[in-house]
Amino acid sequence: MNEKDMKNEDAFSENAQNNEKQGIFSRNNFAKNFKNNPRKNHLIMTFLLSLLAAVIMWLFAVDYEVEDYEKTFTNIGIQITGKTELLGATGMQVELEGDVKLSVTVSGKRSVLSSLNASSFTAYADVSGITKEGKSDPLKVTLEPVNGVTVVSQSITHITVVAEKRVTDTFEIVPILGTAQLENGVSYSLLCEIPTVTVTGSESIVKGIKRAVVYVNPEPKNVTSSFKSHCEIVFESDVGIDTSSLVVSPHYCGVDVILTKEKSVPLKIKLEGGADVDYDASFHLAVSSVLITGEPRLVDGVESLNLTIPHEKIKNQLGSGKESFAVKGFVEYPDGISGGYGITEVEVMVDVSERVETVYGENVVINNCPSGYIATASDVEINLKGIYEEMEKINGSDITVTVDLSEIAPSEREQKVKALVNIENSYGTVYEKQCLVTVVFKKA
């Protein structure tokens with residue numbers, strides 16, 4: 001390296017050092033100024049950020065509002081119009097074949113497309129021009145215009161429908177108890193508040209209905225007493241049919257679920273009027289027990305039933321002189337309980353032949369005593385037959401014995417003479433109408 005080059009290199013090195021010092025000075029000075037004037041610096045930074053944001057928004061707006069984009073919307077339902085006109089003109093209604101959904105591709109500004117969804121589009125096909133039953137000719141699917149977009153393509157341009165007569169029919173409602181669990185011996189009956197349901201719809205659907213049913217599914221499943229349920233009416237069919245298009249009246253039905261239980265209980269005799277049955281007469285019931293039916297809790301509370309026999313019936317029969325006779329008793333059922341076989345009366349045989357009692361008459365009337373004699377009577381025994389309680393009520397003063405001596409020859413010896421007996425208050429007791437009395441004659 002010559003002397004000149006060395007000088008130049010020294011000069012360059014010196015300049016570089018000076019520049020470096022100057023740069024350090026400038027940076028230090030800028031930092032110092034930035035630190036010393038924060039408000040000015042804040043304004044500068046705000047301006048720069050605003051400028052950057054404006055540039056970005058301009059670029060986005062150019063892309064968002066100027067260019068057209070395409071977007072596809074799916075699952076658009078096709079509405080059927082003209083149904084009312086078709087029904088009025090031909091008595092027919094239509095059903096779509098299957099669940100037909102439309103897809104449509106449209107173009108437009110991104111801002112417009114972003115505000116749309118499938119519900120923004122309305123597609124329809126007019127059926128008012130159909131004139132015959134069965135599968136229709138292809139019907140045009142029309143899309144209503146949507147502002148700001150152009151339809152590029154649509155997946156379905158035509159559809160076919162099936163036209164059928166619209167009919168009305170009535171079905172009996174069948175109630176069914178579903179998941180209930182009943183205790184042993186308990187049965188149930190179901191009573192619908194309304195007997196039938198009316199449906200209107202396509203002939204093929206209505207004819208495909210087998211029956212109308214209401215399913216009663218009580219909660220809890222262990223049912224112990226009757227209850228009422230409000231149930232939806234559903235339709236059963238042997239073939240798969242869609243009943244959603246039917247017009248149904250009514251949709252719901254109230255059902256009374258009535259639980260019943262049967263039990264055999266014995267009969268106990270009860271004499272009407274308060275008389276006791278503990279006397280020596282015997283009773284033989286044609287039916288010793290009856291089957292009762294009612295709510296389970298009521299049936300469980302019944303251990304026996306009263307068989308009421310009017311007391312007058314027994315008294316009247318006793319007065320006829322019969323040793324045994326039949327009377328009818330009436331079964332008393334508590335409220336809510338009925339006879340399983342409709343039994344309301346039971347025949348009872350009453351036997352009073354086993355009870356006989358002897359009483360003595362105190363009132364003896366002697367008629368037609370022979371002239372010149374005085375007659376006296378003794379040993380006036382009268383046999384009574386009947387209810388012990390009734391016989392106890394009779395005393396000697398109630399009994400009158402009448403002796404007729406018009407055909408009796410006087411004698412010094414005792415004579416047995418027939419006499420007539422009358423008991424004024426017999427109380428239904430059976431007694432002998434005649435008896436023998438001992439008569440003694442004395443001269444007057």
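Two strands are taken to pair if DSSP finds at least two bridges between them. With that in hand, the strand pairings of this predicted model can be followed one by one. The chain has eight helices and 31 strands, and buried residues account for 31% of its 444 residues. Among contacts between residues at least 6 apart in sequence, 73% join residues at least 24 apart.

A convenient place to begin is strand β28. The parallel pairing of β25 with β28 extends over five bridges, and within it Val365 has Thr402 of β28 as its bridge partner. Strand β28 (residues 399-404) also pairs with strand β29 (residues 415-423), here in the antiparallel sense and again over five bridges. In this second pairing, Thr402 stands opposite Leu420 of β29, and Val403 stands opposite Ala419 of β29. Strands of a sheet pair through backbone hydrogen bonds, either parallel or antiparallel. The side chains of β28 can be sorted by face: Ile399, Val401 and Val403 form a covered face, while Thr400, Thr402 and Asp404 form an uncovered one. In a regular strand the side chains alternate between the two faces of the sheet.

These pairings belong to an open sheet of five strands, arranged in the order β25-β28-β29-β31-β26 with mixed pairing. At its edges stand β25 (363-367) and β26 (373-378); each has a single partner strand, so one side of each is left without a neighbour in the sheet. From one strand to the next, the twist averages 35 degrees.

Edge strand β26 contains Thr376, a residue that is partly exposed, with a relative accessible area of 43%. Leaving aside residues up to four places away in sequence, Thr376 touches Ile366, Thr438, Val439 and Val440. Thr376 and Ile366 are ten residues apart along the chain, and their C-alpha atoms are separated by 8.1 Å.

Another open sheet, also of five strands, follows the order β7-β4-β1-β3-β8, and its pairing is mixed. Here the edge strands are β7 (142-143) and β8 (149-154), each of which pairs on one side only. Further inside this order, strand β1 (residues 68-81) and strand β4 (residues 123-126) pair in the parallel sense over four bridges. Within that pairing, Thr81 has Asp126 of β4 as its bridge partner.

Strand β12 (residues 196-202) offers a picture of a mostly covered strand, with five of its seven residues buried. Its pairing with strand β10 (residues 161-177) is antiparallel and runs over seven bridges; in this pairing, Val167 has Gly201 of β12 as its bridge partner. Three bridges join β12 to strand β16 (residues 247-249), once more in an antiparallel arrangement. There, Val199 is matched with Val248 of β16 as its bridge partner.

For readers wondering about cysteine cross-links, a search of the whole structure finds zero disulfides. Why does Cys192 lack a bond to Cys253? The sulfur of Cys253 is the closest cysteine sulfur to that of Cys192, but at 4.1 Å the separation is too far for a bond; a disulfide would require the two sulfur atoms to lie within 2.5 Å. Cys192 is buried, with a relative accessible area of 16%. Cys369, by comparison, is partly exposed, with a relative accessible area of 30%. The two labels follow from a cut-off, because buried means under 20% relative accessible area.

The survey closes with empty space in the model. Rolling a probe the size of a water molecule over the atoms shows where empty space is left. The largest pocket has a volume of about 410 Å³. It is lined by 17 residues, of which Val94, Glu95, Ser202, Ile205 and Ser245 are the closest to its centre. The elements giving two or more residues to this lining are α3 (83-90), β2 (92-96), β10 and α5 (203-207). Of these, β2 gives the most, with four residues. Strand β10, named among the lining elements, is also the strand that pairs with β12 over seven bridges.

Note on methods: Residues numbered from 1 in each chain as written. Predicted model: local features only at pLDDT ≥ 70, side-chain atom pairs only at ≥ 80, totals over all residues. Heavy atoms only, no water. Axes fitted to C-alpha atoms, helices over the stretch in contact; angles between N-to-C directions. Buried < 20%, exposed > 50% of the residue type's maximum accessible area, 1.4 Å probe, protein only. Contact = heavy atoms within 4.5 Å. 1 Å grid on protein atoms, 1.4 Å probe; cavity = no way out; pocket = protein on both sides within 12 Å on 5 of 7 lines; lining within 4 Å. Points joined across faces, edges and corners; volume = space filled by probe spheres on them.
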